[in-house]
There are 2 protein chains.
Amino acid sequence: MTSPEPKTHSEGVYASLRAELLGGAFLPGSKLRLAGLGTRYGVSLSVVREAMTRLAGEGLVRALPQRGFCVTPLSIEDLLDLTRARVLIETAVLRESISQGGLEWESAVIAAHHTLQGTPYTTREGHLGGAWSEAHHAFHRALLTGAKSPRLESIATELRDCSLLYQHWSIEIAGDVDRDVAAEHRHIADLAVARDAEGAVQALTEHIERTTAALLAYAESQTGQQRAAGIPA
Amino acid sequence: MTSPEPKTHSEGVYASLRAELLGGAFLPGSKLRLAGLGTRYGVSLSVVREAMTRLAGEGLVRALPQRGFCVTPLSIEDLLDLTRARVLIETAVLRESISQGGLEWESAVIAAHHTLQGTPYTTREGHLGGAWSEAHHAFHRALLTGAKSPRLESIATELRDCSLLYQHWSIEIAGDVDRDVAAEHRHIADLAVARDAEGAVQALTEHIERTTAALLAYAESQTGQQRAAGIPA
DNA sequence: TAGCAAGAAAATATCGATTTTATTTCTGTT
DNA sequence: AACAGAAATAAAATCGATATTTTCTTGCTA
């Protein structure tokens, strides 16, 4: 369900690029050539440039003065910082949600969880399904809507999107297998709806940190084989 | 102390526009004409447009598809949300800072506070001094550096910058007078360095909320006279 | 062969102009 | 006089081209 027709060309290219980035279509750290993307989307450089500038503001790409743009490079240091920020902020907002969310919030959480539960985790090829990704995103977002704070929600969402850059490679590459992710989600949803703030926060924290741990384990095992595009030291 | 010479034209215009916005040079909600700014800075539209796009990402201006950009309009609703987000995040980061900051952090806080203390609050005309503004910013930033988290710091800073849009009008117009702001800062600094997390968080919370309260009181007194441009008369 | 320098090629940043969209002004009608 | 619609104006979005800067290539020197 994409927006019907983006008012402006720039908006469309921005949305497409964003989806590609979050879908892991580009290697982290790789250079994004404006001219190439321009012809690819059938638009002028200005349009691509504007989209890039927006993406840079969100931290999904990086602007290198006089040298264009590249996909935000991954690093263990940043992964740890990002995880820490996410845990701090998402748990704080979840607490707010649990204490201030009403019946509509409970319903939204249960609905989002049900949708997530019914969406296949991976496609037959073992790749991350786009539908699941969307449902996952919606579930985590629903958890935070009880706080009724647009600012906090969007900050949390932005951080989550950044970590999606990592998670994609984690799941595709590290094969983060021995986890029952569905159970984790159910646990979080149950505790949240039951208004068990401490329990829910604990569960969410573990949920977030588990993915980080899996990726770290993978990075550890790869020491020495790192390339510029990947998990550089 | 501005950066010597921005590599790119865009960077320079961005920085200038940003400073003007935070200095309250434009009325909130007012339209920003690209052509006008272009000739004003002696650059092409593309350059202004890129700067605007960046500022929109930070929330200082708003992009209206097919209608250009305007200074982010002020609203009581958003002020309350912003304040809430700031309190939640800044206090959480301050806690981290206090628990993890080392001696360098303590020193930085003390130094920043000393600088702030020695900088005049307002100019002779009663306007907010640019130097004080800078020192104030540096002080609050120093408080958070102990957490050693670039992401959290930049999120907190971004939120503070947004609220600067409000604070400017609060101080200039509402004449937020019967406060001993210097004492508030000293109190926060003392408690932070003394590692009294709860006390420091409490003091910081009151510090943030006091400005909001002053602006709200002003807005209240103006009920009925608000126009589309925002709170200011 | 390694290192460096000059030139060639490619890519970016910026510009000026065109196209498209929004806004205002002007008309004719009720 | 108030309103709806149409032309005129103004503004934004996009384009294609130019000027700079970076990057790559090549050839020379030690």
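Around DNA strand D, the nearby surface breaks down into seven nonpolar, nine polar and four charged residues. Here Ala, Val, Leu, Ile, Met, Phe, Trp, Tyr, Cys and Pro count as nonpolar, Asp, Glu, Lys and Arg as charged, and the others, Gly among them, as polar. This is a predicted model, in which local features need pLDDT of at least 70, side-chain atom pairs count only at pLDDT 80 or more, and totals for chains, interfaces and linings use all residues. Residues are numbered from 1 along each chain as its sequence is written, while chains are lettered from A and ligands numbered from 1 in the order in which they are written.

Strand D has 20 residues around it, with His9(A), Ser10(A), Val43(A), Ser44(A) and Gly68(B) the closest; a residue is near a molecule or strand if its C-beta atom, placed from the backbone, lies within 6 Å of it. The elements that supply two or more residues to this surface are α1 (9-22) and α3 of chain A, plus α2 (34-41) and α3 of chain B. Helices (H or I, at least four residues) and strands (E, at least two) are DSSP runs, numbered from the N terminus.

Turning to DNA strand C, 19 residues surround it, and the closest are Gly68(A), His9(B), Ser10(B), Val43(B) and Ser44(B). Two or more residues each come from α2 (34-41) and α3 (45-58) of chain A and from α1 (9-22) and α3 of chain B. Of these contributions, the largest share is that of α3(B), with three residues. By class, the surface near strand C holds seven nonpolar, nine polar and three charged residues.

The two protein chains also meet each other: 24 residues of chain B are in contact with 24 residues of chain A, where contact requires C-beta atoms, placed from the backbone, within 7 Å. On the chain B side, two or more residues come from each of α3 (45-58), α4 (76-100) and α7 (150-174). That side has nine nonpolar, six polar and nine charged residues.

As for symmetry, a turn of 180 degrees with a shift of 0.0 Å along the axis lays chain B on chain A with an RMSD of 0.1 Å. The two copies are therefore related as by a two-fold rotation axis. The superposition is by least squares on the C-alpha atoms of residues with pLDDT of at least 70 in both copies. Both copies use the same surface, as 100% of the contact residues of chain B recur in chain A. Within chain B, Gly57(B) comes closest to the rotation axis, its C-alpha lying at 2.8 Å.

Now for the fold of a single chain. Chain A has nine helices and three strands, and along the sequence they run α-β-α-α-β-β-α-α-α-α-α-α. Among contacts in chain A with a separation of 6 or more, 71% link residues 24 or more positions apart. Of its 233 residues, 34% count as buried; a residue is buried if 20 or more other C-beta atoms lie within 10 Å of its own, exposed if 12 or fewer, and partly exposed in between, with C-beta atoms placed from the backbone.

Chain A splits into domain 1 (7-71) and domain 2 (76-227), with bounds from an automatic or database domain assignment. Taken over C-alpha atoms, the centres of these two domains are 26 Å apart. Six residues of domain 1 and eight residues of domain 2 make up the contact. The domain 1 side of that contact has three nonpolar residues, two polar and one charged.

The largest nonpolar core has 106 residues, of which Leu94(A), Ala192(A), Ala200(A), Leu94(B), Ala192(B) and Ala200(B) touch the most other members. Such a core is a set of buried Ala, Val, Leu, Ile, Met, Phe, Trp, Tyr and Cys residues joined through C-beta atoms within 7 Å. Its largest share, nine residues, is from α7(B). Leaving aside residues up to four places away in sequence, Ala200(B) touches Leu94(B), Ile98(B), Ile188(B), Leu191(B) and Ala192(B).

A few loop residues round off the picture. Lys148(A) sits in the loop between α6 (130-145) and α7 (150-174) of chain A and, though not a glycine, has a positive phi of about 50 degrees. Lys148(A) is partly exposed, with 16 other C-beta atoms within 10 Å. In chain B, Lys148(B) likewise has a positive phi, near 50 degrees, and lies in the loop between α6 (130-145) and α7 of chain B.
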